[in-house]
Structure formats: C-alpha cells, structure tokens
Amino acid sequence: MGLESALWEASRPAFRVRYIHDPTGSPLTPLYASYGVANPRTARAKLARIVRHAPEVVVKVTGRQRGGSHVKAHLEYIGRKGAVDIETRDGEILTTKDDIAERAAEWSDTLEWRSRPTVSSVSLIFSMPEGTDPEKVLGAVRALANAELSDNHDYVLALHTDTPRPHVHLTVQAEGLDRTRFNPRPVQLHRFRERFARELRERGVAAEATPRRARGRGIAGSSMALVKLRARLASGASRVMTESDRRTNEQAIAVARGQAELPPFIAKGKTRWQEIRQAYEQAAAALNATGQAEDRTLAGDVCGFLDKHPDMKATPEIFAAHHARNLAAARAKPEPPAPEPLPRDRGRGW
C-alpha cells in the first residue's frame, strides 16, 4: 500500500463516500471526501497536519427554527440585540429590528393549512481554537457559504468573539429556490468541515478536518441540547441530572463492578483503530523508503504519534475506568477502627 492509499484508509470518514471518475482517465486515489485526489504533495501535507496536531475545525448544527417569530428571535440572538453585525448573502448588514423582522418574515412558512410550521431556517456554527484570527474565520465561512449555498439558499452570517474560541453563526433559509430543503446530513457536514479547513489554510491558518478515529480518539460527541443542559447544571441554574448522564453513570458503575459489559461500538472502534494504526505504519514505511530527509522526519513524527496513541478510548470506557479507580481506592482504604463503647451509666450513686 502506497502513501496515498494508506492515508486514505486512515482518514476516510465513517460513511460511504461515492466518487465518479473519468472512465477514460487513470484511476486516482481519493484523499478528501469531497475535494481533489491524492498526490505526493497533498498526501504528505495532510499526514503532517494530522500527526503534528493541526487545529481541527468544528462545524455543528445548533438548531432549526420554525416560523417567523422563532427565526426573528434567533437572528436577534446571533446579532446580540444589535451589538453584532449580521451579514447577508449579498453582503448587506442587518442593522435594525425592522430589517431582522423583514428577513424572518421572508423565510417563514406562509402555508396556513399546515397544522404546524415547518422548519424555516437551519443554524450552524463554525468554530476554531483560541488564538485564531477572527476575521480569517469569518472570511473562510463567507467563502464556504458562497460556494456551497448561494446558488439556491439565502443565508446570514454573524461573527462572535465574546468567547475564547472565535466562531461564526451561519443561518440558512431552509427552502431553496428550486423548492429543495436544506437539511444537512453527515456527508454534507463532513464536506463543510473540509471546505472550511481548506479555506482557512488558503488564508494562512493551519487547520484540518479529520474524523476523531483518525486521530486516535473515540466517540465523545454530544447533542447541542445536551451540551446546553450540562452548562445549566454547571452554572447552578438547574439541579436535575440529565437522563443521558444518569444512564451513562449507571452503566459506567455497572461495568466497573463487573455487572455489565461496555457497549459493542467500543469494541468496533478499537478494531477500526488497529486498522488505522496499520495504515499509518505503512505510510511511515513508504516515507522512510524514499530516502529523503524530510520524509524520514515526517515518518518519525508518524511513529511518535502512534506511540502516544496505543489504544483508543471512548467516553463510556473512560467513565467506567474512572469509577473502577474510585472503587479500587475505596477498597484499599483501611477501615477506621470501631469506636470504644461508652461506660455504662450507673447513676449518681445515691
């Protein structure tokens, strides 16, 4: 297996990727889920970003708005009540409440016979780690939205810098000009991640978009609703544990006590990680075989990356190990001596 094929095997997404090649041309090894094919230069650059821990882009669907009032409330939220510019597809800025209300009315469902409003808009967030230039993040999302959405869907952008991680809110009108609806699925979200990373690299920002398992990390994702509920718990606004967290803790305790087994997907993830490790090892061998100093350095970085990630652990496994350590510490702790019995009260002796 050559360098390009090994890298594709290591970094391919979990879903099935379909390609249409020119039947008259030579077969090409894909490198990205949506863009381009592998060649020695792009393969080496991508492998270097992975093993040298280039910042990973984050793209998430944060919600779906139903009806004009819901869209209006969301646009006011991302605009911070007028404190943040909301940029439209045409480059205009929504500055007043009337502008926001007009845009919300345009996107709302006008079919009165429906029993409930359909999805009027879909909101996404594009984020980068602390220290990234916010304007470059905004420029990358602007270029992505123009290339991926502008032909069929209206949208607005809002850059937020009130947290350490600069991020852009992208809100897309659900119904397109051709009546098709915007409903991003894993394949499209993965394409957005790769396009976002590519646009950032073109602006001089180191960025990569690889699956967690390609970096030796197990499944740890949570829905945005669960993230917000946990934030409320942490802030003290709510004292009720989420049902998801309760089930996770109960399962982790049962596994730690030997009363249950870890979910099947963890075993599958470990098997997949061993396949990925083998692909990385083959890539390192291919680099060492070239005899070039830069390739040998990159091969050494690949081996160092594998040494740091001998195994892959998912969230349930980490929780179970944590509870197992607590149980072991409790067993090892010596029991306190029993208190001496109090002397019997014989009265005042009268």
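Q: By which method, and with what probe, do accessible areas come?
A: Accessible areas come from the Shrake-Rupley method. The probe is 1.4 Å.

Q: How much area does the chain expose, and what share do carbon and sulfur atoms supply?
A: This is a predicted model. The chain exposes about 20600 Å². The share from carbon and sulfur atoms is 52%.

Q: What percentage of the 350 residues count as buried?
A: Buried means under 20% relative accessible area. Of the 350 residues in the chain, the part that counts as buried is 40%.

Q: How many helices and strands does the chain have?
A: Both kinds of element occur in the chain. The count is 11 helices and six strands.

Q: In what order do the strands of the open sheet stand?
A: The sheet is open and has six strands. Its pairing is antiparallel. The order is S1-S4-S6-S5-S2-S3.

Q: Which strands stand at the edges of the sheet?
A: An edge strand here has a single partner strand, so one side of it is left without a neighbour in the sheet. The two that stand there are S1 (58-66) and S3 (93-94).

Q: Over how many bridges do S1 and S4 pair?
A: The two strands pair in the antiparallel sense. Within this pair, lysine 60 has isoleucine 125 of S4 as its bridge partner. The number of bridges between S1 and S4 is eight.

Q: Which residue of S6 does serine 121 stand opposite?
A: S4 and S6 are antiparallel and pair over seven bridges. Opposite serine 121 in S6 is glutamine 173.

Q: Why is S4 largely enclosed by the rest of the structure?
A: Look at burial along the strand. S4 is largely enclosed because its buried residues number nine of the nine.

Q: What is the bridge partner of glutamate 87 in S5?
A: S2 (residues 86-88) and S5 (residues 155-160) run antiparallel and are joined by two bridges. In S5, the partner of glutamate 87 is leucine 157.

Q: At about what angle does H6 run to S1?
A: Helix H6 covers residues 186-202. It lies across S1 and S4. Its angle to S1 is about 130 degrees.

Q: At what angle do H2 and H10 pack, and what is the hand of the crossing?
A: H2 (residues 40-51) and H10 (residues 293-308) have axes 9 Å apart. Among the contact residues are Leu47 of H2 and Phe305 of H10. By class, the contact has seven nonpolar, no polar and three charged residues. The angle is about 40 degrees, and the crossing is left-handed.

Terms used
Residues numbered from 1 in each chain as written. Predicted model: local features only at pLDDT ≥ 70, side-chain atom pairs only at ≥ 80, totals over all residues. Heavy atoms only, no water. Axes fitted to C-alpha atoms, helices over the stretch in contact; angles between N-to-C directions. Helix = DSSP H or I, 4+ residues; strand = E, 2+ residues; numbered from the N terminus. Left-handed = near helix turned anticlockwise from the far one by under 90°. Contact = heavy atoms within 4.5 Å. Nonpolar A, V, L, I, M, F, W, Y, C, P; charged D, E, K, R; others polar. Pairing = 2+ DSSP bridges. Buried < 20%, exposed > 50% of the residue type's maximum accessible area, 1.4 Å probe, protein only.
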